[in-house]
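Please take a moment with the sequence and the structure shown below, and then follow the paragraphs that come after them.

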Amino acid sequence: MKKWFFVALCLPVFSFAQQGFTINATIAGVENGTAIKLVSAEAPDKVVAETKASANSFVLKGAVPEPGVYQLQLGKSSVTIFLDNTAITLEGNAADARNVKVTGSKSHADFESFISTFNPMFGRLQQLQAEAQKSGNVSQQMRAEYDNIN
């Protein structure tokens, strides 16, 4: 009886255990036999998962300890993805890796939203900083514009 009670108690824990990620990809321009590697953006020398491409496609499976930014290396090009332990699909062209479409991951969609919102702001801040350094003087107009960037 105690054995069955223990099993029943552990069932919810096992049902919430994450199974890992699966990446199903169709990427034009990736030749047969091309090594596909997934590496962490924080530790690019550590390979998280790897496989070989076949007929412009591949399936990559593994698990990540926590959601994060990863680089999917496609031979000479790479795709940045925000990966968690879910199934995702990639479609695109290796020659235009920046525009590979990633679907199936709410985390990656949130990451893309963050990037599209903040990259223009960061770019403008860098431009203002360069202008200030070049002139050696931060004008009131530049200070006001800097302060108003949302």
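**Strands, helices and surface**

A good place to begin is a single pair of residues: Ile23 has Ile88, in strand β7, as its bridge partner. The model in which this pair is found is a predicted one, and the pair belongs to a longer run of pairing, since strand β1 (residues 21–28) and strand β7 (residues 87–93) are parallel and are joined by seven bridges. Strands of a sheet pair through backbone hydrogen bonds, and they may do so in either a parallel or an antiparallel way.

From this pair the view can widen to the whole chain, which holds three helices and eight strands. Read from the N terminus on, the elements follow one another as α-β-β-β-β-β-β-β-β-α-α. Among the contacts in the chain with a separation of 6 or more, 46% are between residues 24 or more positions apart. Of the chain's 150 residues, 27% count as buried, while the chain exposes about 10400 Å², of which carbon and sulfur atoms supply 54%.

Which strands make up the sheet with mixed pairing, and in what order do they stand? This open sheet has four strands in the order β4-β1-β7-β8. At its edges stand β4 (57–62) and β8 (101–103), and because each of them has a single partner strand, one side of each is left without a neighbour in the sheet. On average, and with direction ignored, neighbouring strands of this sheet are turned by 15 degrees against each other.

A further open sheet, also described by four strands, has the order β3-β2-β5-β6, and here the pairing is antiparallel. The edge positions are taken by β3 (47–52) and β6 (77–83), each with a single partner strand, so that one side of each is left without a neighbour in the sheet. The twist from one strand to the next averages 20 degrees.

The pairings within this antiparallel sheet can be followed from strand to strand. Strand β2 (residues 35–40) runs antiparallel to β3, and five bridges join the two; within this part of the sheet, Lys37 stands opposite Glu50 in β3. Strand β2 also pairs with β5 in the antiparallel sense, over five bridges, and Val39 has Gln71 in β5 as its bridge partner. The next step leads from β5 to β6, where the antiparallel pairing extends over seven bridges, with Ile81 in β6 as the bridge partner of Tyr70. In a regular strand the side chains alternate between the two faces of the sheet.

Between β5 and β6 the chain forms a hairpin with two residues between the strands, and in this hairpin Gly75 takes a positive phi near 80 degrees. Most residues other than glycine have a negative phi, which makes the next two residues worth a look. Ala55, although not a glycine, has a positive phi of about 55 degrees, and Asn56 likewise has a positive value, near 60 degrees. Ala55 is found in the loop between β3 and β4, and Asn56 has its place in the loop between β3 and β4 as well. How far are they open to the surroundings? Ala55 counts as exposed because its relative accessibility is 56%, whereas Asn56, at 32% relative accessibility, counts as partly exposed.

The antiparallel sheet also leads to a helix, for α2 lies across β5 (68–74) and β6, running at about 110 degrees to β6. In helix α2 (residues 106–135) is the place of Phe114, which counts as partly exposed because its relative accessibility is 43%. Together with Phe118 and Phe122, Phe114 makes a nonpolar surface patch of about 280 Å².

Helix α2 also holds a charged pair. Where in the structure is the one salt bridge that a search of the whole structure finds? Asp110 forms a salt bridge with Lys106, and the closest N and O atoms of the two are 3.0 Å apart. Both Asp110 and Lys106 lie in helix α2, four residues apart, which is about one turn of the helix. Lys106 counts as exposed because its relative accessible area is 62%, while Asp110, with a relative accessibility of 40%, counts as partly exposed.

Conventions: Residues are numbered from 1 along each chain as its sequence is written. This is a predicted model: local features need pLDDT of at least 70, side-chain atom pairs count only at pLDDT 80 or more; totals for chains, interfaces and linings use all residues. Side-chain values use heavy atoms; hydrogens and water are left out. Patches are made of residues with over 30% relative accessible area and no salt bridge: like charges are joined within 9 Å, nonpolar side chains (Val, Leu, Ile, Met, Phe, Trp, Tyr) within 5 Å. Accessible areas come from the Shrake-Rupley method with a 1.4 Å probe; for residues, only the protein chains shown count as cover. A salt bridge is a side-chain nitrogen of Lys or Arg within 4 Å of a carboxyl oxygen of Asp or Glu. Buried means under 20% relative accessible area, exposed over 50%, partly exposed in between (1.4 Å probe, protein chains only). Two strands pair if DSSP finds at least two bridges between them. Axes are lines fitted to C-alpha atoms, for helices over the stretch in contact, and angles run from 0 to 180 degrees between N-to-C directions. Contact means heavy atoms within 4.5 Å.
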